[in-house]
Amino acid sequence: MSYTEIERQWTTRLRRRFVHLLPPEKLLPDTQPTYVSSWIYVFGVTTLSALVVVIASGSLLAIRGPQWWHTSSVGHFVNSLHLWSVEIFFFAMVVHLWGKYFMAAWRGGRALTWMTGVVTFLTSIAAAFTGYVSQTNFDSQWISTQAKDGINATGAGAYFNVLNMGQMLMWHIVLLPLAAIVLTGLHVLLVRVKGVVPPFEENAKVNA
Amino acid sequence: MKSKHFRPDVDVAPWKGGHSPYDIIKEGTIALIVVGLLTLILAVVFGSPDEPAVTIKTWSNATPVDFAMTALSELNQTSTSAQYGAPYNNAAVGQKLGPLELAKWVGDRIPVNTVRDFVINPLKSLPDQPILTTDLQQWSKASSSTRNSWLTDYTKASAHMTYVNGQVTVTANNVGPVPVFINDLTQMARTGALDQALVTQSGFYTTDFTLPLLFLADGSYLANLADHQHLSGDQWGMMNETGNYPGQAWLWLYTFWYQVAPFSTSANADVLVWGVMMALSVVLLFVPFIPGLRTIPRKTRIYRVIWREHYQGTTTE
């Protein structure tokens, strides 16, 4: 195999492209600009950490199936871990979102970073909702029978049936977490590629 | 090189300041440990709610007349489900978003016939019921006008329905098999057999609870329990959950619209609220490109609080 042939390989090209976009010192930085010093930055990493706990506790619940936590004190405790990690996740994510808004964090070519964050937020809401309607208890009965009217009114209810526990559970434990994890990964990679947005510097000039 | 006007809400000047050490792995590890511990503490202290699911058996034993009246509404097709429209049937046009009849366009893709699915088919599943079998045959052979006549007369008399000595009683004449249907369905419900019959109509294995949930929601028992738990629509509804738990607090804006006019009084409230929330979500998504909205952060100067340390060390502006 010639050197030129290796250079033309899809794998070689993809690796070169990836390393160019995200060299190791950007992916795992050991320094940061001095302006990255504020309490607001805590909420991004808190959101990520809470997502890890959400996935871990949800995976534990999955081991024994959707009914386990109703009949086992251990299962109920794992459900409590899942619930509170979700609450922390959303609290941190909402503060993170508002913080990034008031930092105008889309500046400097970071619009896609903002947009992936918003889509992750919306996806997470759907993921949490499907969890609430697949709890197989009174809450899921009431929330699903109430929520059906809104979703049915849009026409989406014909395909996304909130009264179908099996369908909701599949969305909750497979499709939406997968989407949320992929979107979160993309969001974090974009943050690493573009770096953390700097503070407003008024009266500055740029050259194009 | 052509010079471009600097847009402070879009552009950034290259950072020419210093850098400080940053251990991203250590930060992530500490955050994970802290969040894990916080989750653990909250779970130990507060736990989580788990109110058992309501069954049709529970409902029909607690309030047999309410159940029987709901069963009648399924048979005479006056229930919410019977008159719902898409995606369950074509009984109504459904809600409109301006000129858009979104639900109607999609059609009845989850067909529900309350007479067949909630009354006749479950009754047919009961074994060794000679009187009921005869009555089911009478119903099957009767014309539409005859059925309507039976149902109209029975419905008028049902205002005085009682449940005495284990029997649903309505004083009415010439109402065909309707009294037997309502009474037998109530008895079936009280044994728990109706719960099972509703979920197994499509086979042995099922995870689809559309039919029993619609039936439950058509009665007042589920709604009364929810009202006691402060879960009704005018109590900020489905963003809450049983007990004193935060619930889906992130749905506050969605739930908020239902509390205020014109949504609170509109027959199209659901689709209007969804329309508003979809529009707001799109706006949120495209904030970086919307003049005015993307200017607010710079104008409000909240960023100076966020980057307090940075601005304390500079003399910009």
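These legends accompany several close-up views of a predicted model.

In this predicted model, local features need pLDDT of at least 70 and side-chain atom pairs count only at pLDDT 80 or more, while totals for chains, interfaces and linings use all residues. Residues are numbered from 1 along each chain as its sequence is written, and chains are lettered from A and ligands numbered from 1 in the order in which they are written.

**View 1. Helices α6 and α7 of chain A pack together.** Here you can follow α6(A) (residues 73–102) alongside α7(A) (residues 111–132); helices are DSSP runs of H or I with at least four residues, strands are E runs with at least two, and both are numbered from the N terminus. The two meet at an angle of about 155°, with axes 11 Å apart (axes are lines fitted to C-alpha atoms, for helices over the stretch in contact, and angles run from 0 to 180 degrees between N-to-C directions). The pair is therefore roughly antiparallel (angles under 35 degrees count as roughly parallel, over 145 as roughly antiparallel, 65 to 115 as roughly perpendicular and the rest as oblique). On the α6(A) side look for V86(A), M93(A), L97(A) and K100(A), which meet W114(A), G117(A), F121(A), S124(A) and A128(A) of α7(A); contact is counted if the C-beta atoms, placed from the backbone, lie within 7 Å. This contact has 6 nonpolar, 2 polar and 1 charged residues (Ala, Val, Leu, Ile, Met, Phe, Trp, Tyr, Cys and Pro count as nonpolar, Asp, Glu, Lys and Arg as charged, and the others, Gly among them, as polar).

**View 2. Chain B touches chain A.** In this interface, 88 residues of chain B are in contact with 82 residues of chain A. On the chain B side, helix α1 (residues 24–46) gives the most, with 11 residues. That side of chain B has 51 nonpolar, 21 polar and 16 charged residues.

**View 3. Helix α4 of chain A packs on α1 of chain B.** The axes of α4(A) (residues 42–64) and α1(B) lie 8 Å apart, at an angle of about 60°, which makes α4(A) oblique to α1(B). Among the residues of α4(A) that meet α1(B) are V45(A), S49(A) and V53(A), and those of α1(B) include E27(B), A31(B) and V35(B).

**View 4. A strand from each chain pairs across the interface.** Strand β1 of chain A (residues 31–33) and strand β2 of chain B (residues 19–21) run in the antiparallel sense over 3 bridges; pairing needs at least two bridges found by DSSP. Find P33(A), and opposite stands H19(B) in β2(B).

Conventions. Two residues are in contact if their C-beta atoms, placed from the backbone, lie within 7 Å.
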